[in-house]
Amino acid sequence: MAGNLILSGVLGAVVVAAALAGASAKSPGGDVVKITASTSAQDVFNKQCGVCHMAYPPVFLPARSWKAITGDLAHHFGEDASLDKATTKLIADYLMANAADRAPGVPSGVLRGIGPDDVPLRITDTPFWNSVHGNIPAAVLARPEIKTKSNCLGCHSGN
Ligand code: HEC
Ligand code: HEC
C-alpha cells in the first residue's frame with residue numbers, strides 16, 4: 001500500500017524479527033545540540049527531543065497534539081523536558097508544520113478515528129497506531145530491548 005511505503009520511509013524498516021530474536025536494538029543518540037544560526041529546526045528537534053526516546057516522526061500526530069505537547073514540556077509524561085522559549089517555539093513550529101494534518105501527502109489513515117476535538121498526546125494512543133500494531137503480547141514488551149510500546153526503535157530500524 002502506498003501509504004505504508006510513505007510511512008516506512010518516515011520511520012525505517014521494521015526489524016521486529018531481529019527484536020523478537022533478542023538482537024540488540026539501536027538506541028537514540030543523546031547529545032544536546034548547540035544551536036547556531038545555521039542549525040535547522042529539524043536538527044534542533046532531533047537532538048532535543050531525542051534525548052530520552054527517539055525523536056518521534058511528527059507525521060503521526062495532528063498539529064494540535066504537538067501544540068499541546070510542546071505547550072507543557074515541564075510536565076511531560078512524568079518528566080521535566082522543558083526547554084527555553086525560543087527553542088520550544090522552533091521545535092513546536094517544526095512539529096506542527098510536519099504534522100499529520102499539515103504535511104503534504106500524509107495518508108488519511110493516520111488521522112482516522114481522531115475526532116476534531118481529540119488531542120491525543122501519544123502516537124501509541126491513536127487508532128491508526130493500534131490498528132497497525134494490534135495487541136503486542138506482554139512477553140514481547142517485557143523484552144529488555146523493547147520495554148514499552150513507545151520504544152519504536154526497539155522494533156523498527158531508525159533509518
Ligand atoms: C527528559 C526526558 C524526555 C525528553 C527530553 C522528551 N521526552 Fe517525550 N517522553 C518522555 C517519556 C518518559 C515518555 C513516556 C514514554 C513511555 O510511556 O514509555 C515520553 C513520551 C513522548 C510521546 C508519546 C509517545 C507515545 O507513546 O506515542 C511523545 C509524542 C513525546 N514524548 C514527544 C516529545 C517531544 C516533542 C520532545 C521534545 C520537545 C520530547 N518528547 C522530549 C521523556 C522525554
Ligand atoms: C513491539 C514491536 C513494535 C514497536 C514497539 C513499534 N512497532 Fe511499529 N510495527 C511493528 C510491526 C510488527 C509492524 C507490522 C509490520 C508489517 O505489517 O509489515 C509495525 C508497523 C508499523 C507501521 C506501519 C507499517 C509501515 O512501516 O508503514 C508504522 C507506521 C509503525 N509501525 C510505526 C511505529 C511507531 C511510530 C512506533 C513507536 C511509537 C512503533 N511503530 C512501535 C512493531 C512495532
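**Exercise 1. The surface patch.** Determine which residues form a nonpolar patch on the surface, and examine the place and backbone of Phe77.

*Solution.* Phe77, Val119 and Leu121 form this patch, and their accessible area together is about 260 Å². The structure is a predicted model.

Step 1. Locate Phe77: this residue belongs to the loop between α4 and α5.

Step 2. Classify its exposure. The relative accessible area of Phe77 is 44%. Buried requires under 20% and exposed over 50%, so a value of 44% makes Phe77 partly exposed.

Step 3. Inspect the backbone. Phe77 has a phi near 50°, which is positive although the residue is not glycine.

**Exercise 2. A further positive phi.** State where Lys147 is placed and whether it is buried or exposed.

*Solution.* Step 1. Lys147 has a phi near 70°, a positive value in a residue other than glycine.

Step 2. Its place is in the segment after α7.

Step 3. The relative accessibility of Lys147 is 64%. Exposed means over 50%, so Lys147 counts as exposed.

**Exercise 3. The iron atom of ligand 1.** Identify the protein donors of this iron atom, describe the geometry of the site, and place the donor residues in the chain.

*Solution.* Step 1. The protein donors are NE2 of His53 and NE2 of His76, at 1.9 to 2.0 Å from the iron atom of ligand 1.

Step 2. There are six donor atoms, and the angles among them span 86 to 179°. Ideal angles for six octahedral donors are 90 or 180 degrees. The site of ligand 1 is classed as octahedral.

Step 3. His53 lies in the loop between α3 and α4, while His76 lies in the loop between α4 and α5; the pair therefore ties together parts that are 23 residues apart in sequence.

Step 4. Compare the exposure of the two residues with the 20% limit for buried. His53, at 27% relative accessibility, is partly exposed, whereas His76, at 15%, is buried.

**Exercise 4. The iron atom of ligand 2.** Carry out the analysis for the iron atom of ligand 2, beginning with its protein donors.

*Solution.* Step 1. His133 and His156 each donate through NE2, lying 1.9 to 2.0 Å from the iron atom of ligand 2.

Step 2. The six donor atoms make angles of 87 to 179°, and the site is octahedral.

Step 3. His133 is in helix α6 and His156 is in the segment after α7 (138-141); the pair links distant parts of the chain, 23 residues apart.

Step 4. His133 counts as partly exposed at 27% relative accessibility. His156 counts as buried at 15%.

**Exercise 5. The fold and its core.** Describe the secondary structure of the protein, then find which helices supply the largest nonpolar core.

*Solution.* Step 1. The protein has seven helices and zero strands, and its elements run α-α-α-α-α-α-α from the N terminus on.

Step 2. Of its 159 residues, 36% count as buried. In soluble globular proteins, nonpolar side chains tend to be buried together.

Step 3. The largest nonpolar core holds 28 residues, of which Phe45, Met54, Tyr56, Trp66, Leu95, Val106 and Ile123 touch the most other members.

Step 4. At least two residues of this core come from each of α3 (41-48), α4 (63-71), α5 (85-97) and α6 (127-133). Helix α5 gives the largest share, five residues.

Notes:
Residues are numbered from 1 along each chain as its sequence is written. Chains are lettered from A and ligands numbered from 1 in the order in which they are written. This is a predicted model: local features need pLDDT of at least 70, side-chain atom pairs count only at pLDDT 80 or more; totals for chains, interfaces and linings use all residues. Side-chain values use heavy atoms; hydrogens and water are left out. A nonpolar core is a set of buried Ala, Val, Leu, Ile, Met, Phe, Trp, Tyr and Cys residues joined through side-chain atoms within 4.5 Å. Buried means under 20% relative accessible area, exposed over 50%, partly exposed in between (1.4 Å probe, protein chains only). Helices (H or I, at least four residues) and strands (E, at least two) are DSSP runs, numbered from the N terminus. Donors are N, O and S atoms within 2.8 Å of the metal (3.2 Å for Na, K and Ca); water is not among the atoms, so sites may look incomplete. Four donors count as tetrahedral if all angles lie between 85 and 135 degrees; four count as square planar and six as octahedral if opposite donors are over 155 degrees apart and all others between 65 and 115; anything else is irregular. Patches are made of residues with over 30% relative accessible area and no salt bridge: like charges are joined within 9 Å, nonpolar side chains (Val, Leu, Ile, Met, Phe, Trp, Tyr) within 5 Å. Accessible areas come from the Shrake-Rupley method with a 1.4 Å probe; for residues, only the protein chains shown count as cover. A salt bridge is a side-chain nitrogen of Lys or Arg within 4 Å of a carboxyl oxygen of Asp or Glu.
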